[in-house]
Amino acid sequence: MAYGCRPTCDNCRPKYVRCPACGERSFLTLKACRRCKRPFTQLDRDEAVRQWEAEAPTRTSSACFTPRAPREGS
Ligand SMILES: [Zn+2]
Ligand SMILES: [Zn+2]
């Protein structure tokens with residue numbers, strides 16, 4: 001593989017949701033907030049995606065890609 005997206009990269013697709021209760025940023029894949037355990041609803045996820053789309057123009061397009069490079073141990 002030549003290019004890969006970092007697990008924490010949210011440049012190419014939304015990966016984070018901000019907890020409405022405590023403001024903690026969690027992964028969209030999590031079922032509940034890491035800090036306060038508040039479950040994320042579909043509305044929270046939709047809002048996170050909307051927010052992500054709204055901020056899309058401010059992102060740098062190439063930031064998420066790791067260039068082809070020899071990696072130790074792989
Ligand atoms: Zn929370
Ligand atoms: Zn990416």
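In which loop is the place of Arg59? Arg59 sits in the loop between helix H1 and strand S4 (65-66). The structure is a predicted model, and its protein chain holds 1 helix and 4 strands. Read from the N terminus, these elements follow the order β-β-β-α-β.

**Overall organisation**

- The protein chain has 74 residues, of which 7% are buried.
- Among the contacts in the protein chain with a separation of 6 or more, 37% involve residues 24 or more positions apart.

**Helix H1**

- Helix H1 covers residues 42-55 and consists of 14 residues.
- From its first C-alpha to its last, H1 reaches 20 Å, which is close to the 20 Å expected at 1.5 Å a residue.
- H1 is hardly covered, since the count of buried residues among its 14 residues is 1.
- In an α-helix there are 3.6 residues a turn, so residues three or four places apart point the same way.

**Trp52 and Glu53 in the helix**

- Trp52 is part of helix H1, and Trp52 counts as partly exposed because 18 C-beta neighbours lie inside 10 Å, short of the 20 required for a buried residue.
- When residues up to four places away in sequence are not counted, Trp52 touches Asp10 and Pro14.
- The C-alpha atom of Trp52 is separated by 8.9 Å from that of Asn11, although the two residues are 41 residues apart along the chain.
- Glu53 also belongs to helix H1, and Glu53 counts as exposed because it has 10 C-beta neighbours inside 10 Å, where 12 or fewer is the criterion.
- Glu53 and Pro14 are 39 residues apart along the chain, and their C-alpha atoms are separated by 8.2 Å.
- Pro14 therefore appears twice in this part of the model: Trp52 touches Pro14, and the C-alpha separation of Glu53 and Pro14 is 8.2 Å.

**The loop between H1 and S4**

- Arg59, in the loop between H1 and S4, counts as partly exposed because it has 14 C-beta neighbours inside 10 Å, a number between the limits for exposed (12 or fewer) and buried (20 or more).
- A distance of 6.5 Å separates the C-alpha atoms of Arg59 and Asn11, which are 48 residues apart along the chain.
- Asn11 is thus paired with Arg59 at 6.5 Å and with Trp52 at 8.9 Å, C-alpha to C-alpha.

**The loop between S3 and H1**

- Leu30 is located in the loop between S3 and H1.
- Leu30 is partly exposed because 13 other C-beta atoms lie within 10 Å, which is above the limit of 12 for an exposed residue.
- Leu30 and Val17 are 13 residues apart in sequence, and their C-alpha atoms are 9.1 Å apart in space.
- Lys37 lies in the loop between strand S3 (25-27) and helix H1 (42-55).
- Phi of Lys37 is near 65°, a positive value in a residue other than glycine.
- Lys37 is exposed, because 11 other C-beta atoms lie within 10 Å and 12 or fewer is the criterion.

Key: Residues are numbered from 1 along each chain as its sequence is written. Chains are lettered from A and ligands numbered from 1 in the order in which they are written. This is a predicted model: local features need pLDDT of at least 70, side-chain atom pairs count only at pLDDT 80 or more; totals for chains, interfaces and linings use all residues. Helices (H or I, at least four residues) and strands (E, at least two) are DSSP runs, numbered from the N terminus. Two residues are in contact if their C-beta atoms, placed from the backbone, lie within 7 Å. The expected span of a helix is 1.5 Å times one less than its number of residues.
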